[in-house]
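Keep the sequence and the model open side by side. The text below walks from one strand pair outward through the fold.

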Amino acid sequence: MTSAAPLGASVPTDRPEMFGSDLSRLQLAADGGAGLQACIDRRQPAVIDDFAASWPALRRWSPERLSLRVGDRVVRVFDASFGEPGRNYMRSVDVMPFSRFLDQVLDQGRDLRMFLYNISRQVPELLDDIEFPDIGLNFSRRFVFTFFGCRGSTTPLHYDIDMGQVFHTVIRGRRRVRLFAPDQSRALYRHPFTVRSYVDLDAPDFATWPALANARGYEVVLEPGQTLFMPPGWWHEFHYLEPGIGVSFRSPDRRLGSRLRGAVNLLAVSPADRLANRMLGRRWFAWKGRQAVRRARQLQSKRTT
Ligand SMILES: O=C(O)CCC(=O)C(=O)O
């Protein structure tokens, strides 16, 4: 899920036409959550300044202090092969003590990743450092995911498989996030059976992916303490401008259709994709790539007729 990207190539973008920057900016304290509710209803992402205002994690989660408290836990780590066909597809590449990961990745800049690390299950004591805001949303207490990466690492373009509403809070390290609405999936050449796109937004190859020229999204730089609300199915690419730690809360979408789609993704579509990868490897990957091109062509021809 991660890939090293040259730091200098990333910000600011030189394709303003692909990305707008006019994302809603909210303060829960100012309107009691009414602005967020409006974004949820309109399925629009937003940056929230004070979602995590009272979290001790913002002070306590330095690599040093995490190492001292829970550094002995053994964690799974990932690299860019997570997204590539073959043996490591959707799998971790190694396990190591959390303290070694923090030292090698956050301090020394090795491009390994931890993502979707569920602290509710693995290190529940860390839940004491975060709070679920009382804003009428049904946040999952069982799935509180954390993300760790070095300066320069990129979480490639994807949307979350469970189709939940995601609230991603930056604990440490500024990061640039690019977002696209669900209706951009064809222009982004989504690989069928996955929630993943393989287009390169830093060096878009419009000869191979002509429909990408029509994609329109947002780009925002998040600061520590800020929270990004992502509605179900919104595409996101995260690029770590500094060594980073993040936490994602999720709450189920009101719409039954999204919840069903999430369940089907998790229980049927993703397992089928993994099985086909095991059996066919690169041939399966190439087939998905061809399907993505075919679907984007259909979109292009609809636009021109
Ligand atoms: O921080 C990251 O690497 C990715 C975050 C993400 O994908 C999420 O919160 O859903």
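Start with Phe145, whose bridge partner in β15 is Ser248. This is a predicted model, where local features need pLDDT of at least 70, side-chain atom pairs count only at pLDDT 80 or more, and totals for chains, interfaces and linings use all residues. Residues are numbered from 1 along each chain as its sequence is written. Helices (H or I, at least four residues) and strands (E, at least two) are DSSP runs, numbered from the N terminus.

The strands β8 and β15 run antiparallel and are joined by five bridges. Two strands count as paired if DSSP finds at least two bridges between them. Both strands belong to an open sheet of seven, in the order β3-β4-β13-β10-β15-β8-β7, with mixed pairing. The edges are β3 (24-26) and β7 (114-118); each has a single partner strand, so one side of each is left without a neighbour in the sheet. On average, neighbouring strands of this sheet are turned by 25° against each other, direction ignored. Axes here are lines fitted to C-alpha atoms, for helices over the stretch in contact, and angles run from 0 to 180 degrees between N-to-C directions.

Now find the ligand. Which strands each supply at least two residues of the shell around the ligand? They are β8 (145-149), β10 (165-172), β14 (235-240) and β15 (244-251). The full shell is Phe115, Phe147, Gly149, Thr155, Asp160, Val166, His168, His236, Phe238, Gly246 and Ser248. A residue is near a molecule or strand if its C-beta atom, placed from the backbone, lies within 6 Å of it. By class, the shell has four nonpolar, six polar and one charged. In this scheme Ala, Val, Leu, Ile, Met, Phe, Trp, Tyr, Cys and Pro count as nonpolar, Asp, Glu, Lys and Arg as charged, and the others, Gly among them, as polar. Ser248 thus appears twice: in the shell, and as the bridge partner of Phe145.

Move along the sheet to β13 (227-230). Four bridges join β13 to β10, antiparallel. Here Val166 has Met230 as its bridge partner, and Val166 is also one of the shell residues. Three bridges join β13 to β4, again antiparallel. There the partner of Ala46 is Phe229. In a regular strand the side chains alternate between the two faces of the sheet. In β13, Thr227 and Phe229 point one way, Leu228 and Met230 the other, and all are buried. Buried means that 20 or more other C-beta atoms lie within 10 Å of a residue's own; 12 or fewer make it exposed, and anything in between partly exposed, with C-beta atoms placed from the backbone.

Phe167 sits in strand β10. Is Phe167 buried or exposed? With 24 C-beta neighbours inside 10 Å, Phe167 counts as buried. Leaving aside residues up to four places away in sequence, Phe167 touches Phe51, Thr227, Phe229, Ser248 and Phe249. Contact means that the C-beta atoms of two residues, placed from the backbone, lie within 7 Å.

Helix α2 (residues 34-42) lies across β3, β4 (46-48), β10 and β13, and runs at about 145° to β3. Next, look at a helix pair. Two packed helices are described by the angle between their axes and the distance between the axes. For α4 (residues 63-70) and α5 (residues 98-107), the angle is about 170° and the axes are 9 Å apart. The two helices are therefore roughly antiparallel. Angles under 35 degrees count as roughly parallel, over 145 as roughly antiparallel, 65 to 115 as roughly perpendicular and the rest as oblique. Pro63, Leu66, Ser67 and Val70 in α4 meet Phe98, Ser99, Leu102, Leu106 and Asp107 in α5. That contact has six nonpolar, two polar and one charged residues.

Turn to β12 (residues 217-222), where five of the six residues are buried. Six bridges join β11 (residues 175-180) to β12, antiparallel, and Arg175 has Leu222 as its partner. Two bridges join β2 (residues 19-20) to β12, parallel, and here Phe19 has Gly217 as its partner.

Finish with two loop residues. Met90 lies between β5 (74-77) and β6 (94-97), with a positive phi near 60°. Met90 counts as partly exposed, with 16 C-beta neighbours inside 10 Å. Met163 lies in the loop between β9 (153-158) and β10, and its phi is also positive, near 60°. Met163 is buried, with 26 other C-beta atoms within 10 Å.
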